[in-house]
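Biologist: Please take a close look at the salt bridges in this model, and set them against the sheet and the rest of the chain.

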Amino acid sequence: MLEFNFTPFPVIETERLLLRRITNDDVNEVFELRSNPETMKFIPRPLVKNSEDALEHIAMIENKIVANEGINWGITLKGNPKLLGIIGYYRMQPEHHRAEIGYILLPEFHGKGIVPESVNRLITYGFDELKLHSIEAVIDPENYASEKVLQKCGFVKEGHFKECEFYDGKFIDSVIYSLLNNKKV
């Protein structure tokens with residue numbers, strides 16, 4: 001079984017981006033991300049209603065990092081500390097060497113290649129540093145932008161689960177994409 005350790009916190013760089021720890025200083029951007037119905041359209045979670053909700057979300061992220069149960073990074077452009085989005089590993093399954101990747105980005109930064117750049121870097125981190133065997137992504141079947149990102153990053157559709165989750169008074173579908181680590185262990 002894998003053991004994860006996120007101390008010290010791994011700051012990650014790409015050509016254009018710095019993936020860094022999310023702090024309480026990011027409360028306004030976290031609020032902006034998690035309170036926007038358009039941004040949250042395909043994420044079956046309640047919208048944050050105020051700064052206190054955003055701070056609770058940041059605390060939840062931090063608690064998972066400290067407990068080595070999950071990790072999220074704030075997506076920023078190099079040289080600019082403003083949080084543009086969040087990306088990370090959720091629902092980590094150390095016994096199966098598997099984790100779920102997820103991401104969210106402010107709408108004004110959509111279509112600029114930020115998410116694929118972040119996802120590709122975290123694939124490398126997941127396989128090389130965390131020693132994952134597989135990475136999955138769970139998306140809404142109508143989230144075509146996310147589907148395109150995953151396909152561009154090499155993920156393959158594993159399944160379409162009909163009405164598998166009950167959220168906000170209705171049953172919703174989920175599509176699972178995954179990527180296997182084809183490197184020899």
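Modeller: The term salt bridge is used here for a side-chain nitrogen of Lys or Arg that lies within 4 Å of a carboxyl oxygen of Asp or Glu. The background is that side chains of opposite charge can pair when their charged atoms come close. The model is a predicted one, and by that criterion it holds nine salt bridges.

I would start with a bridge between the side chains of K78 and E13, where the distance from N to O is 3.2 Å. This pair links distant parts of the chain, 65 residues apart, with K78 in the loop between β3 (71–77) and β4 (85–93) and E13 in strand β1 (residues 12–13). K78 has a relative accessible area of 40% and is therefore partly exposed, since that class lies between the limits of 20% for buried and 50% for exposed.

A second bridge joins E117 to R16, with 2.6 Å between the closest N and O atoms. Here too distant parts of the chain are linked, as R16 sits in the loop between β1 and β2 (17–20) and E117 in helix α3 (residues 114–129), 101 residues apart. The two partners fall into separate accessibility classes: E117 is buried at a relative accessible area of 18%, whereas R16 is partly exposed at 33%. The value for E117 counts as buried because it is under 20%.

In a third bridge, the closest N and O atoms of R91 and E100 are 2.4 Å apart. R91 is partly exposed, with a relative accessible area of 48%, while E100 counts as buried at 7% relative accessibility. Apart from these pairs, a network of salt bridges links R98, E136 and E158.

Two of the residues named so far, R98 and E100, lead directly to strand β5, where they share one side with G102 and I104. The opposite side carries A99, I101, Y103 and L105, and since the residues on both sides are all buried, both faces of β5 are covered. Eight of the eight residues of β5 (residues 98–105) are buried, so the strand is largely enclosed by the rest of the structure. The charged residues R98 and E100 are thus counted among the buried residues of this strand.

How is β5 tied to its neighbours? On one side, β4 and β5 pair in the antiparallel sense over seven bridges, and Q93 has R98 as its bridge partner in β5. β4 and β5 also form a hairpin with four residues between them, and H97 in that turn has a positive phi of about 55°. With strand β6 (residues 134–139), β5 pairs in the parallel sense over three bridges, and A99 has I135 as its bridge partner there.

These strands belong to an open sheet of eight strands in the order β1-β2-β3-β4-β5-β6-β8-β7, with mixed pairing. At the edges stand β1 and β7 (156–167), each with a single partner strand, so that one side of each is left without a neighbour in the sheet. β7 is joined to strand β8 (residues 170–180) by eight bridges in an antiparallel arrangement, and I176 in β8 is the bridge partner of G159.

For the wider frame, the protein chain contains four helices and eight strands, which run β-β-α-α-β-β-β-α-β-α-β-β from the N terminus on. Of its 185 residues, 47% count as buried, and 61% of the contacts with a separation of 6 or more are between residues 24 or more positions apart. The radius of gyration of the chain is 16 Å, in agreement with the value near 16 Å for a compact globule of 185 residues, and the C-alpha trace spans about 45 × 40 × 30 Å along its principal axes. The chain exposes about 10200 Å², of which carbon and sulfur atoms supply 52%.

Charged pairs are not the whole account of side-chain pairing, as a search of the whole structure also finds four aromatic pairs, and ring pairs link F9, W73 and Y125 into a cluster.

Conventions: Residues numbered from 1 in each chain as written. Predicted model: local features only at pLDDT ≥ 70, side-chain atom pairs only at ≥ 80, totals over all residues. Heavy atoms only, no water. Buried < 20%, exposed > 50% of the residue type's maximum accessible area, 1.4 Å probe, protein only. Phe/Tyr/Trp six-rings, centres within 6.5 Å; stacked < 30°, edge-to-face > 60°. Rg over C-alpha atoms; globule rule 2.2 N^0.38 Å. Contact = heavy atoms within 4.5 Å. Areas by Shrake-Rupley, 256 points an atom, 1.4 Å probe, with all protein chains shown as cover. Pairing = 2+ DSSP bridges.
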